[in-house]
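Welcome! Here are a few short exercises to help you find your way around a new structure. Have a look at it first, then work through the steps.

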Amino acid sequence: MSRFRSGTMASALALATVFAGSAAWADVTIGAAFVLSGGNAPYGLQERRGVEAAVEAINAAGGVNGEKIVVEFGDDAGDPRQAVQVANDMVNKKVVAVVGHTLSGATVAAAPVYDEEGIIMITPSATAVDLTEKGYKTVFRTVVRDDQQGKVAGAYIVEHFKDKKIAFVQDSTTYGKGLADATKAVVNAGGVKETAYETITPGELDYSATISKLKADNIDVVYYGGLYNEAGLLLRQMRDQGLKAQFISGDGLYAQDFWSIVGRAGEGVLLTIDNPPETNPAAKDVVAALKAKNIDPAGYTLYAYAAVQAWAEAAKKAKSTDPEKVAAALHDGSDYKTVIGDIAYDSKGDRTKSGYALFKRTGTTFEPAK
């Protein structure tokens with residue numbers, strides 16, 4: 001046994017000498033878990049591009065505490081059960097942090113795995129309020145919660161449409177229903193009662209039945225909670241069938257794929273957006289670099305980029321990539337500079353400041369709603 005240990009130690013010392021300074025001995029592995037297949041893949045592909053761009057930039061600048069970042073990608077297909085499998089796979093790969101997941105339902109399902117294993121999780125897109133109400137110590141997000149978006153949209157509806165007939169339509173997903181209900185709560189608290197509340201089924205191609213109900217009620221405003229596929233079809237069919245109601249929704253529709261579906265029907269749509277990249281000074285250089293590579297910075301691209309930045313800056317502050325130390329740094333109330341602006345976190349892992357406001361689609365750009 002002593003001879004074996006002696007030989008092993010000698011070999012180890014020899015290998016250490018050969019590989020000293022090698023990148024293989026100075027890598028830190030993070031995970032990135034998104035919906036990369038199926039109908040909602042455009043969201044996850046945005047996030048993947050954001051992670052890749054951020055990691056490339058950080059590594060080019062020297063990495064994190066002298067270590068280069070390596071990324072392990074996982075596809076949960078937007079399914080909660082598969083998200084748990086991906087989370088367990090990330091645990092087995094010994095990642096210290098995960099950027100993800102994409103959809104709220106999948107993220108809520110995966111979060112307990114990361115929390116139990118003490119792994120940092122920063123989602124760029126999951127807005128479900130429930131995610132950060134469970135007392136997790138390692139769960140964060142760069143996007144704001146449904147109730148924060150609901151405050152913005154709800155207040156606008158009360159101020160501008162209190163005497164109009166309002167309908168809430170949601171797609172029954174965790175994200176869609178949560179967003180619609182959060183906005184509805186603010187509207188109701190403002191003394192305004194909706195005329196209709198409708199639920200549609202994701203994956204359907206014809207929403208004529210719902211639109212007929214909205215037309216029969218003479219709806220003036222439709223607030224939609226849901227994802228871009230159904231939203232695009234619903235809005236386009238509304239316009240084709242002569243329903244000219246103002247269409248309002250959340251940041252889940254802020255993607256080129258949505259505009260490709262709706263075309264001119266998207267003119268005048270109102271969305272809650274956090275610092276659009278075209279008007280955000282903090283994003284200027286990164287946006288230019290992405291566009292130079294023919295990468296669209298819209299949607300959740302920059303939120304994923306910011307998630308990597310926030311983790312990296314907290315790791316530098318903690319002088320460690322140990323998840324417990326990084327989580328403590330993220331929770332300490334400090335501002336971390338990111339491509340979407342300064343981010344600080346509360347004890348739940350939610351952003352303490354929100355740049356969200358209501359923006360109006362005009363032509364191919366957005367301008368603040370008035």
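**Exercise 1. A pair of helices**

In this predicted model, work out which hand the crossing of α2 and α11 has, and then describe how the two helices meet.

*Solution.*
- Step 1: The crossing of α2 and α11 is right-handed.
- Step 2: Find the helices in the sequence: α2 covers residues 41-60 and α11 covers residues 301-318. Their axes lie 7 Å apart, at an angle of about 40°.
- Step 3: Angles under 35 degrees would count as roughly parallel, and 65 to 115 as roughly perpendicular. The angle here therefore makes α2 oblique to α11.
- Step 4: Now look at who meets whom. From α2 come Q46, E47, G50, V51, A53, A54, V55, A57 and I58, and they meet T301, A304, Y305, V308, Q309 and A312 of α11.
- Step 5: Sorted by class, this contact has ten nonpolar, four polar and one charged residues.

**Exercise 2. An open sheet**

Find the order of the seven strands in the open sheet, and say which strands are at the edges.

*Solution.*
- Step 1: Reading across, the order is β7-β6-β8-β9-β10-β13-β14, and the pairing is mixed.
- Step 2: β7 (196-199) and β14 (365-368) each pair on one side only, and these are the edge strands.
- Step 3: From one strand to the next, the twist averages 30°.
- Step 4: Zoom in on β6 (residues 166-170) and β8 (residues 221-225): these strands pair in the parallel sense, over five bridges. Q170 stands opposite G225 in β8.
- Step 5: Add the helix that packs on the sheet. This is α6 (residues 174-189), which touches β6, β7 and β8, and its direction makes about 160° with that of β6.

**Exercise 3. A glycine in the sheet**

Is G225 buried or exposed, and which residues is G225 in contact with?

*Solution.*
- Step 1: Locate G225 in strand β8.
- Step 2: Buried means under 20% relative accessible area. G225 is at 0%, so G225 counts as buried.
- Step 3: Beyond its neighbours within four places in sequence, G225 is in contact with V169, Q170, D171, G176 and A180.
- Step 4: Try one distance too: the C-alpha atoms of G225 and T183 are separated by 9.0 Å, although the two residues are 42 apart along the chain.

**Exercise 4. A threonine in a helix**

Now do the same for T107: is T107 buried or exposed?

*Solution.*
- Step 1: T107 sits in helix α4 (residues 104-117).
- Step 2: Its relative accessible area is 0%, so T107 is buried.
- Step 3: Leaving out neighbours within four places in sequence, the contacts of T107 are G100, H101, T102, M121, T123, A126 and L131.

Definitions and conventions. Residues are numbered from 1 along each chain as its sequence is written. This is a predicted model: local features need pLDDT of at least 70, side-chain atom pairs count only at pLDDT 80 or more; totals for chains, interfaces and linings use all residues. Side-chain values use heavy atoms; hydrogens and water are left out. Two strands pair if DSSP finds at least two bridges between them. Helices (H or I, at least four residues) and strands (E, at least two) are DSSP runs, numbered from the N terminus. Axes are lines fitted to C-alpha atoms, for helices over the stretch in contact, and angles run from 0 to 180 degrees between N-to-C directions. Contact means heavy atoms within 4.5 Å. Buried means under 20% relative accessible area, exposed over 50%, partly exposed in between (1.4 Å probe, protein chains only). Angles under 35 degrees count as roughly parallel, over 145 as roughly antiparallel, 65 to 115 as roughly perpendicular and the rest as oblique. A crossing is left-handed if the near helix is turned anticlockwise from the far one by less than a right angle, and right-handed if clockwise. Ala, Val, Leu, Ile, Met, Phe, Trp, Tyr, Cys and Pro count as nonpolar, Asp, Glu, Lys and Arg as charged, and the others, Gly among them, as polar.
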